[in-house]
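I opened a fresh page for a chain I had not looked at before. The plan is to go from the whole to the details and jot down what turns up.

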Amino acid sequence: MAELNKVARCYRCGAILQTTDPNKEGYISPEIVDKYPEGLLLCNDCYKNERFNTSPKEPNFEESYQIILNQIREEKPLIAYVIDLFSFEGSFISKLNEMIEGLDVLVIANKRDLLPKDIDDKSLLEYVAHRLRVAKLAVKDVVLTSTNTNYNIDLMYQKIKELSSNRNVYFIGASVSGKSSLITELLKHYENRTNKPVTIATFKNTDLRGYKIPLTNKTFIYEIPGTDIHNSMLSKVERIVQNQISPKKTVKPRKITLHTNGSIALGGLCIIQLISKAKTDVFVYASNLVEVKYKHLTGEKFLQSILQKKNVKPCSARYTQINEYDAYDLQITEEGSRDIGILGLGWFNFKANNQTFRIFVPKGVYVYTSRAKINYVK
């Protein structure tokens, strides 16, 4: 298994912490590290007058969402679980998976149009099925959809009618999954043959509201508002940057060869440095509006340069100092084609060869590794 280790850095000045040389930047007394292995660490120079808090690394699962799911479990409905194919980890929520375990689930893997057209649907379905097995979710079926291209909306509606079996249907998913757009498209294909109107309903004991669409005179499709993901890049940047990093068109993979201590910048939002010895070809998957640049510089120097010059797009006005970024070291011990992703921004694909990467992201943004979604590296 790959092991992701956060690089200890001073939360005041941003220096990478070290315990060997008191005269060099980032020195911290070894006894402080031993005493507070999980604490917020500051270098000796900063410790005397500053204390900082880190951003949360786990998304908050809203209380109202839990109330709704606890209520609907009792009626054994069909769950239409909408997942974002482009940002899978940003919409496949472990706590949500636990709460729907044992219920009948139709998975709707949305935003098919953002992935390259030469990747066949069978391969994508296999990937989704693999992730579902890992999450221990047994589902009734999986449908790939896209609201931008109207892809499989009819098939989705057909599957809902087939699998609902005179039960209510609840659309659930993260706010980034495109669930509301799917509901809008469904209504364009929907024919109301009941004596009940399409309405907006408020869920009991909450202030959450969503569509209530009649399937029969006694059963309905309910839309549960999307749950927010607080450790996504999308939640850390301003609206103009959100629009740039959220792809609207098919993403074109960009190939770059990383050499030891060379770094890739994804705009001014993420730096990926190779710190092991073997050079590595990587394919970057991010919005076409995100500039991808390579420099033979360490990640720290590359990031400092970008923050000073703002010479790559997009850059966020919220981040101007290197100490506003977390750094992670990720050593890959698996074999085969792998992905390393930055939640809400994209991912890069490579062939595993015991590499170690150092990754810089704004504080609180989730970094993950997984089996390759798209196997471009042979």
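**Overall size**

I started with the radius of gyration: a compact globule of 378 residues would come out near 21 Å, and the chain has 23 Å, so the two agree. A reminder to myself: this is a predicted model. I then boxed the C-alpha atoms along the principal axes and got roughly 80 × 45 × 35 Å.

**Make-up of the chain**

How many helices and strands are there in the chain? I noted nine helices and 18 strands. Next I looked up burial, and buried residues account for 52% of the 378. For contacts, I took those between residues at least 6 apart in sequence; 71% of them join residues at least 24 apart.

The surface came next. The chain exposes about 18100 Å², and 46% of that is supplied by carbon and sulfur atoms. I also checked the charges: there are 53 positive and 41 negative ones, and their mean positions lie 4 Å apart.

**Strand β10 and its partners**

I picked β10, residues 263-266, for a longer look. Is it covered on its faces or open? Both faces are covered: Ser-263 and Ala-265 are buried on one side, and Ile-264 and Leu-266 are buried on the other. That fits what I know of regular strands, where side chains alternate between the two faces of the sheet.

Which strands pair with β10? One is β11 (residues 270-274), antiparallel, over four bridges. Here I found Ser-263 bridged to Gln-273 of β11. The other entry I made is β13 (residues 292-295), which also pairs with β10 in the antiparallel sense over four bridges. On that side Ala-265 stands opposite Lys-293.

I followed the hairpin of β10 and β11 around its turn, where three residues sit between the strands. Gly-267 has a positive phi there, near 60°.

**Odd backbone angles**

Before hunting for exceptions I wrote down the rule: most residues other than glycine have a negative phi, and most peptide bonds are trans.

Where is Asn-150 found? I placed it in the loop between β4 (141-144) and α6 (153-164). Asn-150 is not a glycine, yet its phi is positive, about 60°. I looked up its exposure too: Asn-150 has a relative accessible area of 38%, so I filed it as partly exposed.

Asn-261 went on the list as well, with a positive phi near 65° in a residue other than glycine. I found Asn-261 in the loop between β9 (254-258) and β10, so that loop leads me back to the strand above. Its relative accessible area is 34%, which means Asn-261 counts as partly exposed.

Which peptide bond did I mark as cis? The one from Lys-313 to Pro-314, with omega near -5°. Pro-314 has its place in the loop between α9 (299-309) and β14 (325-331).

**One last residue**

I finished with Ser-123, which is found in helix α5 (residues 121-134). Is Ser-123 buried or partly exposed? Its relative accessibility is 34%, so it counts as partly exposed. I also took a distance from Ser-123 to Val-284: the two are 161 residues apart in sequence, and their C-alpha atoms are 19 Å apart in space.

Conventions: Residues are numbered from 1 along each chain as its sequence is written. This is a predicted model: local features need pLDDT of at least 70, side-chain atom pairs count only at pLDDT 80 or more; totals for chains, interfaces and linings use all residues. Side-chain values use heavy atoms; hydrogens and water are left out. Helices (H or I, at least four residues) and strands (E, at least two) are DSSP runs, numbered from the N terminus. The radius of gyration is taken over C-alpha atoms; the globule rule is 2.2 Å times the number of residues to the power 0.38. Buried means under 20% relative accessible area, exposed over 50%, partly exposed in between (1.4 Å probe, protein chains only). Contact means heavy atoms within 4.5 Å. Accessible areas come from the Shrake-Rupley method with a 1.4 Å probe; for residues, only the protein chains shown count as cover. Lys and Arg count as positive and Asp and Glu as negative; His and the chain ends are not counted. The place of a charge is taken as NZ of Lys, CZ of Arg, CG of Asp or CD of Glu. Two strands pair if DSSP finds at least two bridges between them.
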